Amino acid sequence: MNKKIAAAMLSACVGFSLANVAQAEEGPIKVGILHSLSGTMAISESTLKDTMLMLIEKQNEQGGLLGRKLEPVVVDPASNWPLFAEKARELLAQDKVDVIFGNWTSVSRKSVLPVVEELNGLLFYPVQYEGEESSENVFYTGAAPNQQAIPAVDYLMNDVGVERWVLAGTDYVYPRTTNKILAAYLKSKGVADADVMVNYTPFGHSNWQSIVSDIKSFGSAGKKTAVVSTINGDANVPFYRELANQGINAEDIPVVAFSVGEQELSGIDTAPLVGHLAAWNYFMSVDSDTNYDFIDEWIDYTGKEDAVTNDPMEAHYIGFNMWMEAARKAGSVEVDAVKDAIIGVSVPNLTGGYATMMPNHHITKPVLIGEIQDNGQFSVVWQTPSTVAGDAWSDYLEGSKDLISDWRKPMECGNYNVVTHSCGAQQSVATQ
Amino acid sequence: MPSETDDAFVRSPWMAFLMSISVATMYRGCWQWMLLVCLLSFPLFAAAQSESATGQSARLSDGAAQSLLTRLAEARNPAKPAVIDEIAMSGDARARGWLEAFSASKLARLKDAERFLIIDNNRGREWAVSDALSGESAGKVSRRDLKTLRSNNSLRGHIDGVLSMIDLSSPDAEVRLAAARGLRGSVDEAMAERLPSLIEQEGDDAIRATLKEALAIQQLEANGDPAALDTLSGSLNAAAIAAINGAAVSDDPQLAQAAKVALAGIEQKLQLNSGLETLYFGLSLGSVLVLAAIGLAITFGVMGVINMAHGELIMLGAYTTWGMQQLLPGQPGLALLLSIPAGFLVAAAVGVIIERSVIQHLKGRPLETLLATFGISLILQQLVRTTISPLNRIVVTPEWMSGSLMINEALSLTLNRLYIIGFALFVFAGLMLIMRRTRLGLEVRAVTQNRAMARSMGIKATRVDIMTFALGSGVAGLAGVALSQITNVGPNLGQNYIIDSFMVVVFGGVGNLWGTLVAGMSLGLLNQFLEPWAGAVLAKIVVLVFIILFIQKRPRGLFPQKGRAAEG
């Protein structure tokens with residue numbers, strides 16, 4: 001750490017004149033936005049860019065941060081994972097941004113990770129993910145599996161009485177890890193292997209006929225059955241259409257999805273989907289005044305009366321406010337100062353409560369289960385009584401359950417093994 | 001019980017029996033009471049029905065209605081079903097509206113006020129509402145001021161059951177049959193008490209059989225009744241099979257044995273049906289592949305142009321469908337039919353532009369054509385993303401295309417895919433006609449076989465090029481119209497089909513339309529027969545490997561062109 005600071009100071013002395021340094025401090029604070037604006041992920045990520053621009057614009061109207069204006073620096077990594085790393089390097093090394101808000105897919109985050117660690121940047125990651133990661137330079141404002149998947153399964157098991165489970169997902173790291181955690185969790189609750197069906201499909205899968213038919217026959221074994229879906233992106237629309245056409249409704253076999261939000265539903269005719277579930281930490285339909293204000297701002301900003309808000313947008317809202325709060329607390333936007341100051345910072349979320357940054361760089365969130373309605377919104381049917389703190393390392397996987405993450409001094413370790421009492425026993429349980 | 005309901009009790013057509021249900025539930029286990037109530041409600045029910053024919057219906061006083069709805073709003077979830085029954089029993093003509101609104105989470109209360117509202121339109125920030133009691137429109141209310149009564153799956157199931165029971169006394173046999181079908185698997189104890197007399201009254205055989213099944217499912221699940229098992233054996237209904245499956249693992253060894261025998265009988269029928277189902281799945285996937293590939297079979301197969309933007313032409317066809325539906329709101333069916341010519345024309349027009357601006361300059365340079373058209377595909381995608389939206393668009397499936405055609409309980413064919421199979425064959429037949437029977441077809445074949453000779457015979461080769469490319473592109477647009485009914489309409493639509501399309505054309509034999517049909521269908525079937533064992537990911541890989549090996553053996557595909565044309 002000291003070495004890094006020394007190097008930074010040295011390069012500052014060599015590279016810039018004193019006047020330049022002074023000017024840099026007087027200039028605007030640069031906020032990097034690293035979201036795909038083209039390619040397959042543009043569908044989800046471009047709204048997050050707009051959210052950030054809206055938040056920054058609003059903050060500038062209120063006088064900026066620490067007496068300085070905020071200046072957004074937008075780059076387009078074009079849904080191309082290696083390009084994410086290049087663009088992150090460009091933001092940190094060339095544009096000298098003070099913080100980055102960005103990424104959607106886990107693979108893009110993994111690609112950016114070494115860059116932000118090497119150049120000591122700050123990255124706020126707003127999307128639900130599979131966990132099994134903790135970085136000094138990354139703040140995870142989306143849900144870890146224990147803030148989304150596990151409570152959803154609890155709800156189905158205890159409140160709906162589900163005994164048979166279909167774990168359906170797209171074939172990549174997030175669904176595979178989440179399903180591995182869920183399978184271990186179900187096993188620990190006494191669910192027999194024969195009552196769990198796991199199914200993976202390729203990206204963009206559109207021919208769901210035989211899978212839905214399998215699910216139908218799996219569900220006719222005399223036990224209440226539910227589908228836990230980690231199906232990603234575009235594949236959802238044909239999946240739900242096939243469900244409706246084959247006459248499976250939510251009262252028979254409910255589907256709980258972790259990747260279907262308001263924005264995905266805006267591309268589907270939801271009338272046949274009424275009653276299917278989603279688990280998130282925020283829904284646009286949440287009845288709270290902060291939420292209504294946020295929606296009004298968003299509609300004004302986009303100029304579209306039918307614009308929707310969703311969970312990752314709330315995560316950016318929280319992350320942005322937390323970062324500003326930490327900068328005010330530290331009195332500067334310098335990366336190391338903000339990193340230290342942000343732990344323990346609490347800011348309001350949009351569901352009427354507070355989110356706190358935990359020492360493991362995850363935040364506290366309420367978990368909401370919503371049922372799809374015919375207007376493309378969710379109606380909340382269940383929520384956790386209080387907020388849940390994100391867990392970087394799952395308690396249900398071998399090799400990960402002994403690990404904790406705590407970035408406070410003096411521990412400063414992302415993967416401390418509480419059995420061997422050592423830091424750095426990097427386990428690669430998740431990345432296969 | 002308030003006096004209003006007493007009054008209503010005699011008038012409503014269906015409340016009498018619901019009354020018996022709830023009273024029976026109250027005195028669960030008390031047989032004498034139940035019998036008594038059933039006997040009592042019989043004549044009442046008959047009287048009620050004759051009265052309802054005169055068009056009179058009961059109406060609660062506003063105070064009573066308000067108090068019922070307040071109880072519905074304030075009861076905790078486990079207590080809500082009882083209130084729902086009470087509302088249904090009230091005999092009020094508005095009750096059905098309240099329950100349906102509640103079921104759809106469209107019953108709301110003003111915050112800080114007692115008034116109940118039914119939400120007529122819940123899109124946007126201002127919701128159109130009407131008064132739940134008077135039924136009059138109450139203008140628009142900000143959603144900030146509304147507190148919605150939240151329903152959930154189990155309450156919705158309960159309401160469906162209650163409404164189905166009401167529907168069973170509808171004069172319309174269709175309604176009764178639908179209600180009876182809906183009851184299978186969702187009969188509860190209280191309903192089971194009432195069903196036998198309803199079965200007796202029922203005149204229609206099919207409805208009576210369905211009701212008997214519904215009752216038997218409940219009795220097998222609740223009491224392990226062997227007689228119920230007899231009724232159900234041979235049934236292919238999912239709920240019935242679930243009940244028998246449950247019985248097969250019951251503690252009663254005799255029942256379990258009987259259930260296993262029944263299952264074995266069903267198993268055979270199920271296997272046959274699932275075989276037929278897989279065949280149907282294969283044909284429908286095959287017809288999607290044929291549709292996507294057949295345009296390419298013309299541009300790539302006949303003209304020899306490697307058009308990587310083919311997928312985007314499909315996408316444009318799908319967006320045309322969306323645009324049509326925007327132009328004709330409320331008439332998705334008509335819009336879809338009009339999209340068929342419109343999609344063809346839009347895609348054909350774009351095809352002509354691509355041909356004139358790029359492809360004609362790259363004649364005979366396949367690598368450059370490939371790269372240039374790939375570039376065009378990216379441009380078209382981003383164009384849609386920036387001008388329309390990066391988000392998927394909703395294309396509504398018309399009523400007559402949704403749901404499925406039930407062959408028997410275990411085999412139903414999804415209608416949208418049935419239509420697509422028909423459409424694919426129709427497009428194929430149309431193309432065959434054009435290629436074989438029209439002057440254009442003749443000229444196309446002449447130009448592709450020997451361009452110089454054709455020109456010297458007076459055929460305008462350039463014009464034929466344009467027409468052929470327009471035809472191929474237009475057919476891609478048609479594929480887009482069809483695909484809009486089964487998949488996303490978004491900027492990435494085309495990418496998902498381009499590889500498959502090339503695969504089909506190459507496998508079928510370049511330049512042969514029959515080859516494309518056979519190849520598409522056989523790849524669809526192969527994929528669907530592999531999928532149940534291998535999983536979707538592996539099935540796709542196996543198909544790909546199979547094609548690679550096949551092409552090694554027969555480089556010109558299933559139906560190679562023969563003669564001099566093949567050497568050109």
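**View 1. A nonpolar patch lies on the surface of chain B in this predicted model.** Five residues make up the patch: Leu272(B), Leu276(B), Leu279(B), Leu283(B) and Phe529(B). Together they offer about 430 Å² of accessible area. Helix H13 of chain B, residues 253-302, is the main contributor, giving four residues to the patch. Leu279(B) is a good place to start looking, as this residue lies in H13 of chain B.

**View 2. Chain A and chain B meet across an interface that buries about 4,800 Å².** On the chain A side, 60 residues are in contact, and they touch 58 residues of chain B. Carbon and sulfur atoms give 40% of the buried area. Within chain A, the residues that lose the most area to chain B are Gln209(A), Arg241(A) and Asn245(A), which together account for 14% of what that side buries.

**View 3. Salt bridges and polar contacts join chain A to chain B.** Here is a pair to zoom in on: Glu371(A) and Arg156(B) form a salt bridge, with their closest N and O atoms 2.8 Å apart. Between chain A and chain B the count is nine salt bridges, while the structure holds 42 over all chains. The two chains also share 29 residue pairs in polar contact, counting pairs with both residues at pLDDT 80 or more.

Several elements of chain A each supply at least two residues to the side that touches chain B, among them helix H3 (42-61), strand S7 (196-201) and helix H8 (209-218). The largest share, seven residues, comes from H11(A). By type, the chain A side divides into 20 nonpolar, 24 polar and 16 charged residues.

**View 4. A salt bridge links two residues of helix H12 in chain A.** The side chains of Arg328(A) and Glu325(A) meet at 3.2 Å, N to O. Both residues lie in H12 of chain A, which spans residues 311-330, and they are three residues apart, about one turn of the helix. Side chains of opposite charge can pair when their charged atoms come close.

**View 5. A cis peptide bond runs from Lys409(A) to Pro410(A).** Omega for this bond is near 5°. To find the spot, follow chain A to the loop between strand S17 (403-406) and strand S18 (413-417), where Pro410(A) is found.

**View 6. Leu66(A) has a positive phi.** The angle is about 55°, although Leu66(A) is not a glycine. Leu66(A) has its place in the loop between H3 and strand S2 (70-75) of chain A.

Conventions: Residues are numbered from 1 along each chain as its sequence is written. Chains are lettered from A and ligands numbered from 1 in the order in which they are written. This is a predicted model: local features need pLDDT of at least 70, side-chain atom pairs count only at pLDDT 80 or more; totals for chains, interfaces and linings use all residues. Side-chain values use heavy atoms; hydrogens and water are left out. Contact means heavy atoms within 4.5 Å. Buried area is the accessible area (1.4 Å probe) that two parts lose on being put together, summed over both. A salt bridge is a side-chain nitrogen of Lys or Arg within 4 Å of a carboxyl oxygen of Asp or Glu. A polar contact is a pair of N or O atoms within 3.5 Å; within protein, one must be able to donate a hydrogen and the other to accept it, and residues adjacent in sequence count only if both atoms are side-chain atoms. Ala, Val, Leu, Ile, Met, Phe, Trp, Tyr, Cys and Pro count as nonpolar, Asp, Glu, Lys and Arg as charged, and the others, Gly among them, as polar. Patches are made of residues with over 30% relative accessible area and no salt bridge: like charges are joined within 9 Å, nonpolar side chains (Val, Leu, Ile, Met, Phe, Trp, Tyr) within 5 Å. Accessible areas come from the Shrake-Rupley method with a 1.4 Å probe; for residues, only the protein chains shown count as cover.
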